[in-house]
Amino acid sequence: MDVRAFLRRIESARNYQGQIEHVAELPEREGVFAEPLSPLPIELTELLAARGIDQLYAHQVAALDAARAGRDLVVVTGTASGKTLCYNLPILEAALADPQARALYLFPTKALAQDQLKGLLELLGEHPSLARRIKPGVYDGDTPTAQRRRLRSEAHLVLSNPDMLHAAVLPYHPKWARFFESLRFVVLDEVHTYRGILGANVACVLRRLQRICRHYGSAPIFLAASATIANPGELASRLVGRDVTVIDNDGSPRGRKFFVLWNPTPLGADSLARTSAADDAVNLMVDAIEADAQVLAFTRTRQAAELIHRYVKETLDMRHSPRAAQVRAYRGGYLPNERREIEQALFAGKLRGVAATNALELGIDIGSLDVALLVNYPGTIASTWQQAGRSGRRHDESLAVLLAGNDPVDQYLLRHPDYFFAQSPEHAVVDPENPYVLAAHLKAAAFEIPLAEGDVETFGPMAPEIASLLADAGDLSAIGGKHYFAGGQNPAIGVSLRHMSDNTFSIVERTARRLSGDPPPVGRAGAKQFEQDHRVIANVDAISAPELVYPEAVYLHNGESYLVRELDLNAKIACVERRETDYYTQAVLESNVLVTRERQTSPALDEALLAYGNVDVSWQTVAFKKIKFNTRENIGLGPVDIPAQTLSTTAMWLAPNDSLRTRMKAAGYRASEGVCGLRNLAVVALPMVAMCDSRDLGGVVDSKNVGRSTMILYDRYPGGLGYSEKGVHLIYDLLRICHEMVAECPCEEGCPSCVGLPNLRPAIHSDPDLMRGYPMPNKAATVQLLEFLRGERIEQQNEITLADSA
């Protein structure tokens with residue numbers, strides 16, 4: 001693809017209005033090569049030569065030498081930099097030296113494990129002798145029972161995921177005795193994804209794994225790979241519970257990439273009012289497809305992916321383009337077979353455009369794409385580069401476009417392109433001692449092998465107390481200095497690693513005939529008719545179900561619309577009917593927060609209460625809006641009667657004290673006005689200092705807990721994830737970023753790009769463009785509050801700036 005020519009066509013189009021704010025040309029980079037301390041076995045040298053590899057990159061050699069020395073490691077290099085060889089080479093070398101050696105590969109998704117198996121088979125296939133001696137295989141929920149037995153006894157390399165290890169391998173470790181006795185390596189790929197609730201669970205699973213290995217006399221080396229984050233060593237160390245070596249000397253070559261920062265089309269003369277990023281993404285995707293490019297558009301929500309797919313297909317249909325049939329959506333909730341079909345079609349070039357959520361962000365090999373469109377800032381710079389790296393993976397010239405939304409962080413990045421391109425400021429947060437998570441895994445560990453005192457302590461300092469509480473509750477039995485599982489089925493089965501809600505709702509399509517009440521046929525014909533009338537088309541987790549599939553909602557799936565007829569909370573089924581509508585729906589949510597315990601008060605702020613503790617959050621879908629396709633007109637409102645959900649979690653809160661309130665009043669503002677603006681800034685700025693997604697956080701402004709206007713930011717998972725606590729510890733950085741966001745915005749009275757949107761949380765899977773049109777918090781009051789809160793630190797920052805300029 002000739003990227004410069006494509007950009008010139010965009011700029012010369014009649015509807016172009018200067019949306020390109022910044023273009024960074026990332027030049028080609030030559031490779032840096034090295035030699036290992038001792039040469040590879042001749043078989044591996046021949047294998048690499050057959051793949052056209054006669055030299056190793058510097059980071060691949062560093063990983064090989066570290067693994068040979070028995071050191072745990074994490075490789076942190078760019079997309080398509082050859083990270084796979086960093087763990088495959090030492091593993092294959094060990095398998096050649098010892099035919100009994102085994103390795104366990106853990107990937108965050110089943111799709112990625114399947115993709116890596118394909119790559120391993122192709123690699124080994126280059127050398128028939130190696131292919132006969134080293135046998136890889138995938139062990140996941142889709143693996144047939146007979147094949148599972150063969151994998152346990154014969155496979156040298158087992159590719160799986162943490163969920164399977166947790167629920168189907170560790171609890172039944174006697175079946176895997178030979179495997180664990182010979183386990184030499186454990187691979188943790190895409191380790192940067194193991195943060196938040198998933199990271200806390202995976203850390204506990206890995207502690208259980210190491211305990212099982214000690215039982216069988218093995219001590220595997222951990223080989224991890226990560227995208228660029230601020231603290232890869234810290235994250236990997238917390239996950240495995242021991243120190244790791246960080247390898248970040250990326251020696252891979254890189255093709256030329258153009259990275260465009262795009263501010264959507266202005267609406268009229270008001271430069272602060274802009275069209276949706278999704279609308280411009282549709283136009284760019286259509287133009288790129290018609291230029292014979294293969295395009296992947298990343299969206300923040302499932303509904304946004306479906307809408308972009310729908311609009312792109314409609315536009316191509318109106319232009320009578322044969323490409324209209326080569327566009328799909330891809331997201332969580334699709335059934336596995338449907339997702340794999342899309343992946344294969346994308347890899348083969350049969351699909352020219354896909355609108356996807358971050359389900360396609362990870363390293364699934366989908367071939368060489370020309371254009372990556374990032375519709376709104378993905379939430380972290382690490383994810384941004386992961387998504388942008390999806391174009392040009394074969395070292396060709398490529399284009400990535402970040403289409404900014406009217407979100408404070410998006411606009412901040414457009415005003416600070418140097419900040420965006422220079423560094424990755426995020427830290428990955430993982431808390432292995434989350435009490436909810438720890439309690440579940442201690443029960444699972446006791447089921448596997450009785451917990452001795454030393455075993456419990458390997459799970460962290462909180463573990464002995466939690467084990468005692470579990471014994472008091474009857475979940476464990478304390479006998480002779482050990483904790484035994486109290487009995488019953490495998491406790492790991494009921495614990496999901498990815499959601500604190502362990503339940504999944506099935507979305508079932510019912511035909512109109514059955515909905516009309518006609519009697520079904522009897523006998524075998526009736527059974528067959530029943531199957532035809534009830535077809536599972538997708539699934540959704542229990543927390544998201546009330547926001548996506550409430551009665552009368554329009555559920556979008558693969559470009560088609562379905563009307564939700566019934567949500568059965570007991571049976572965990574949402575019944576839908578195929579219905580072509582001219583609108584879709586958006587949930588309206590209400591939430592309340594009650595502080596239940598103050599765990600820590602920080603002295604960091606002189607004129608405000610800054611605290612951290614436990615809260616109960618309740619929220620529910622109370623209504624829905626009908627939104628017309630294309631125009632986004634609100635054409636109706638309906639009530640929703642669904643019980644509230646309650647979450648016990650952790651939060652930080654900030655409340656101006658009387659002296660600050662008096663100063664705000666003297667300046668002509670109410671403190672409560674500034675607190676509202678601060679909350680909206682903080683809930684999107686916190687991910688910049690503590691690596692999380694803004695959808696992992698919630699926030700309210702209320703007075704009932706402290707007796708005065710208080711900003712409360714909470715983690716949206718039971719027990720907390722460490723995000724809000726990080727906000728207390730890094731309060732100065734958090735306030736500085738908030739201040740820069742609002743002070744540097746060119747608006748006068750406040751807009752969606754600075755003080756942000758009102759105190760109303762959108763449904764996390766819905767269209768992000770539907771939260772416009774509400775009154776904005778007071779910008780001047782927010783700026784004044786931040787200046788008072790920061791106090792002397794603003795003066796110190798100004799002095800540093802003056803000194804630098806002098």
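These are questions and replies about ring contacts in a predicted model.

Residues are numbered from 1 along each chain as its sequence is written. In this predicted model, local features need pLDDT of at least 70, side-chain atom pairs count only at pLDDT 80 or more, totals for chains, interfaces and linings use all residues, and side-chain values use heavy atoms, with hydrogens and water left out.

Me: What makes two rings an aromatic pair, and how many are there?
Reply: Rings of Phe, Tyr and Trp (its six-membered ring) pair if their centres lie within 6.5 Å; planes under 30 degrees apart count as stacked, over 60 as edge-to-face and the rest as tilted. By this rule there are 14 aromatic pairs.

Me: Why is the pair of Trp176 and Phe179 called edge-to-face?
Reply: The centres are 5.4 Å apart and the planes are at 80°, so the distance is within 6.5 Å and the angle is over 60.

Me: Why is the pair of Tyr584 and Phe629 called tilted?
Reply: The ring centres are 5.3 Å apart and the planes stand at 35°, so the angle is neither under 30 nor over 60. Tyr584 is in strand S27 (residues 583-602; strands are DSSP runs of E, at least two residues, numbered from the N terminus). Phe629 is in the loop between strands S28 (608-628) and S29 (634-639), 45 residues apart from Tyr584.

Me: How do you know whether Tyr584 is buried or exposed?
Reply: Buried means under 20% relative accessible area, exposed over 50%, partly exposed in between (1.4 Å probe, protein chains only). Tyr584 has 0%, so Tyr584 is buried. Phe629 has 6%, so Phe629 is buried too.

Me: What makes Arg148 count as a charge over the ring of Tyr139?
Reply: The rule asks for NZ of Lys or CZ of Arg within 6 Å of the ring centre and within 35 degrees of the ring normal. Arg148 lies over the face of Tyr139, 5.4 Å from the ring centre.

Conventions: Helix = DSSP H or I, 4+ residues; strand = E, 2+ residues; numbered from the N terminus.
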